[in-house]
Amino acid sequence: MKSVLLIGLGRFGTFIAMKLYNMGHQVMAIDDNEERVNAILPYVTDAQIGDSTNVDFLSSLGIDSYDSCIVAIGDNFQNSLETAYLLKELGAKKVIARASLEIQEKFLLNNGADEVVYPEKQLANWTAIRCSSEHILEYIELDEENAIFELDIPESWRGKTIMQLDIRRRFGINVLGIRESGKLNMNITADTVLAYGDTILVLGQEEKVHKCFRV
């Protein structure tokens, strides 16, 4: 179980709070909007109304006691930047901040943020990839070249084993799992048989995955 300080309770921050709640983590939520703070109370350990650019307010939270601090402010980049900077100055172990533009990402990384998430860009990439083929069911970008895909199993692969298909040697792609009847099986061996109705989870360069699955 982790302790997380979450600053910013717009839609993005609210979804993060709910997910962390479902995962069993302790969350302190902060926003300057009383209505948002009240709405999130069922999903967090505690919540406070406050200005995250106020150093005295942040100091009162005991920043160095949290495993991670998430800056989810989306409507005011100046506040986001100041908050990330102050968090690091106050001893935050890890600062994760949201960016909406590439230039914002650079500023945040140079001013306190250890990591930057770019939800609009990530969602745009996912949507473009997902819409490019009806066979792509899930997509997670790892870097500019590599990604994890969940795809329908090609008809010609059905009834064959991982060893018979020799996917890694032929295509340079790693099979991570098989989803069978909606349940993900990560215990993959050379004798695992690919069946009709299953989907396959693979890791590799996007270009190679597209070529292998003809998407």
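**Backbone, burial and overall form of a predicted model**

Reader: Between which two elements is Ser181 placed?
Author: Ser181 sits in a loop. Helices (H or I, at least four residues) and strands (E, at least two) are DSSP runs, numbered from the N terminus. On that numbering, the loop with Ser181 joins β9 (174-180) and β10 (183-185).

Reader: What is the phi of Ser181, and is the residue buried or exposed?
Author: This is a predicted model, in which local features need pLDDT of at least 70 and side-chain atom pairs count only at pLDDT 80 or more, while totals for chains, interfaces and linings use all residues. Residues are numbered from 1 along each chain as its sequence is written, and side-chain values use heavy atoms, without hydrogens and water. Ser181 is not a glycine, yet its phi is positive, at about 55 degrees. With a relative accessibility of 80% (buried is under 20%, exposed over 50%, partly exposed in between; 1.4 Å probe, protein chains only), Ser181 is exposed.

Reader: Which accessibility class does Asp166 fall into?
Author: Most residues other than glycine have a negative phi. Asp166 has a positive phi near 50 degrees, and its loop lies between α7 (162-165) and α8 (167-171). Its relative accessibility is 26%, so Asp166 is partly exposed.

Reader: Why does Thr83 count as buried?
Author: Thr83 belongs to helix α4 (residues 77-89). Leaving aside residues up to four places away in sequence, Thr83 is in contact (heavy atoms within 4.5 Å) with Ile7, Ser52, Thr53, Val71 and Ile73. Thr83 counts as buried because its relative accessible area is 0%.

Reader: Which backbone oxygen lies 2.7 Å from a polar atom of the Thr83 side chain?
Author: The partner atom is in the side chain of Thr83, a residue of helix α4. At 2.7 Å from that polar atom is the backbone oxygen of Asn79.

Reader: How far apart in space are the C-alpha atoms of Gly24 and Lys2?
Author: Gly24 is in the loop between α1 (11-22) and β2 (26-31). Gly24 and Lys2 are 22 residues apart in sequence. Their C-alpha distance is 8.3 Å.

Reader: What radius of gyration does the protein have?
Author: The protein contains nine helices and eleven strands. The globule rule (2.2 Å times the number of residues to the power 0.38, with the radius taken over C-alpha atoms) gives 17 Å for 215 residues. The protein is more spread out than a compact globule, because its radius of gyration is 21 Å.

Definitions and conventions. Polar contact = N/O pair within 3.5 Å; in protein donor to acceptor, adjacent residues only side chain to side chain.
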